[in-house]
Amino acid sequence: MNIPFMRLDRQFEQHKDTIMALCEQVFSHGRVLQGPEVAKLENQLCEVMGTKHAVAVGSATDALFFALVTAGIKPGDKIAVPAMTFVASASPVIRAGATPVFVDAGENYQPDITKTIELVNSGSVQAVIAVHLYGQLFDITPLADACRAKGVILIEDAAQAIGATFNGSSPGAQSFAASLSFDPMKVAGAFGSGGAIVTNDSAVTERIKRLRYHGRDDSRTYLELGYNSQIASIQAGIVGFKLDHLEEWAKRRQHIARRYTSVLDEISSTTPPLEIPGSHHVFHKYVMTAGENRDRLREHLSAAGIGTMIHYASPLHKVPVFADYITENDAFPESERLSHEALSLPMYPELDDDDVDYICETLTSFNW
Ligand SMILES: Cc1ncc(COP(=O)(O)O)c(C=O)c1O
């Protein structure tokens, strides 16, 4: 059996008629950039995320950068970012001229909130990027309260968390803005690149709309230096189609996750991902830990034709691009542990029951 980590080919096969019809629609009306599909996607995002505004841009990396610029981040500002995340949670900080201050992972793959709040309370950072990993939100309220009290800007990197809620609340509700990704691996992925910012602030929305296209306002005046960061209308249409199925596909992901967890619960040397009470986990990824067995387990699954990945093999303090921002006294023991022990299993709604049975059997047959 061959079960790749990701199967966009199968996704395309299952939804070919809809996807091809959306392509035809865009090519026929010809507004391939900023077409009606983009405006429709922005309205859908407001509904899904519960925010007043959404601006679609070229990627979540750009979205985060635009949020930082709009928040007034300036050279020399310090910004707390988790060490255990994808590089694009921190690279926009440097692009904005600011300095990332890395924070170790805490419980359950989440950033260490206690340490982050300490940085906020001690006046050491001007902003915080809060990253929600793997399809689950952490409780943002204590951090949001601390940031508000100290006048620190809070931006949520919700690239992996579209559709996830905590106590019914979505990213963007308590922060300056939240960035979203439509990278092909994401729960609402484009067949290409794309991202968005959601926020309740209309001035932030207008500014980011200008930044995404050369600083141009509604009257087509170029008011400031901007960028070219647009999502293609075709991609907006495809993401919009996927948003219509978000809940249905999240249920399938949850079902698969619970099958994996039921197997791993029987094996004492592994830790399945925890579904935090109050959280609606959309399982963008299924990340387990396998202690010192991780690499051997990965080989066992690979020999059986099952693709896996490691999120993240290099925590950001070990990534060369950030070397200048790490001091000798910095320590990130939990991020290091996760980088040695975590393993991500295939997780997409197109996995069929035979695939899931086979993965579960292969996990069971491993010599733990
Ligand atoms: C946590 C996180 N932040 C930011 C990004 C960047 O998203 P994009 O690829 O849309 O720029 C990603 C994408 O992989 C991500 O996982």
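## Pockets, cavities and a ligand in a two-domain model

Let's start between the domains: the largest cavity takes lining residues from both domain 1 (8-244) and domain 2 (246-364), so it lies between them. Keep in mind that this is a predicted model.

That cavity holds about 90 Å³ of space. Its lining includes a run of names from domain 1, N108, Y109, Q110, L133, Y134 and Q136, and then P273, L274, H281, K285 and V287. Sorted by class, the lining has six nonpolar, four polar and one charged residues. The count of cavities of 30 Å³ or more comes to five.

Now for the open spaces. The table puts the two pockets and the cavity side by side.

| Space | Volume | Lining by class |
|---|---|---|
| Largest pocket | about 420 Å³ | 12 nonpolar, 11 polar, four charged |
| Second largest pocket | about 340 Å³ | one nonpolar, two polar, eight charged |
| Largest cavity | about 90 Å³ | six nonpolar, four polar, one charged |

The largest pocket has 27 lining residues, and F86, Q160, S181, D183 and K186 are the ones nearest its centre. Two elements, α4 (60-70) and β7 (177-181), each give two or more residues to this lining. Of these, α4 is the top contributor, with three residues. Like the largest cavity, this pocket draws on both domains: at least three of its lining residues come from each of domain 1 (8-244) and domain 2 (246-364).

The second largest pocket has a lining that leans heavily on charge, with eight charged residues against two polar and one nonpolar. Its arginines are R210, R212, R216 and R220, and K209 is in the lining too. On the acidic side there are E206, D217 and D218, while Q34, Y213 and Q230 complete the set.

What about the ligand? There are 15 residues around it, and T61, D157, Q160, S181 and K186 come nearest. Three of these names may ring a bell: Q160, S181 and K186 are also among the residues nearest the centre of the largest pocket.

Which atoms sit close to the ligand's oxygens? In the side chain of S181, an N or O atom is 2.8 Å from a ligand oxygen. Q160 also uses its side chain, placing a polar atom 2.9 Å from an oxygen atom of the ligand. A60 works through its backbone instead, with an N or O atom 2.9 Å from a ligand oxygen. On its own the ligand has 390 Å² of accessible area, and the protein covers 91% of that.

Two spots in the backbone are worth a look while you have the model open. Where does the chain take a cis peptide bond? That bond runs from H311 to Y312, with omega near 0 degrees. Y312 is in the loop between α11 (294-303) and α12 (333-341).

The other spot is N167, a residue other than glycine whose phi is positive, near 50 degrees. N167 belongs to the loop between β6 (165-166) and β7. That second strand is a familiar one, since β7 (177-181) is one of the elements that line the largest pocket.

Note on methods:
Residues numbered from 1 in each chain as written. Predicted model: local features only at pLDDT ≥ 70, side-chain atom pairs only at ≥ 80, totals over all residues. Heavy atoms only, no water. 1 Å grid on protein atoms, 1.4 Å probe; cavity = no way out; pocket = protein on both sides within 12 Å on 5 of 7 lines; lining within 4 Å. Points joined across faces, edges and corners; volume = space filled by probe spheres on them. Helix = DSSP H or I, 4+ residues; strand = E, 2+ residues; numbered from the N terminus. Nonpolar A, V, L, I, M, F, W, Y, C, P; charged D, E, K, R; others polar. Domains from an automatic or database assignment. Near = heavy atom within 4 Å. Polar contact = N/O pair within 3.5 Å; in protein donor to acceptor, adjacent residues only side chain to side chain. Areas by Shrake-Rupley, 256 points an atom, 1.4 Å probe, with all protein chains shown as cover.
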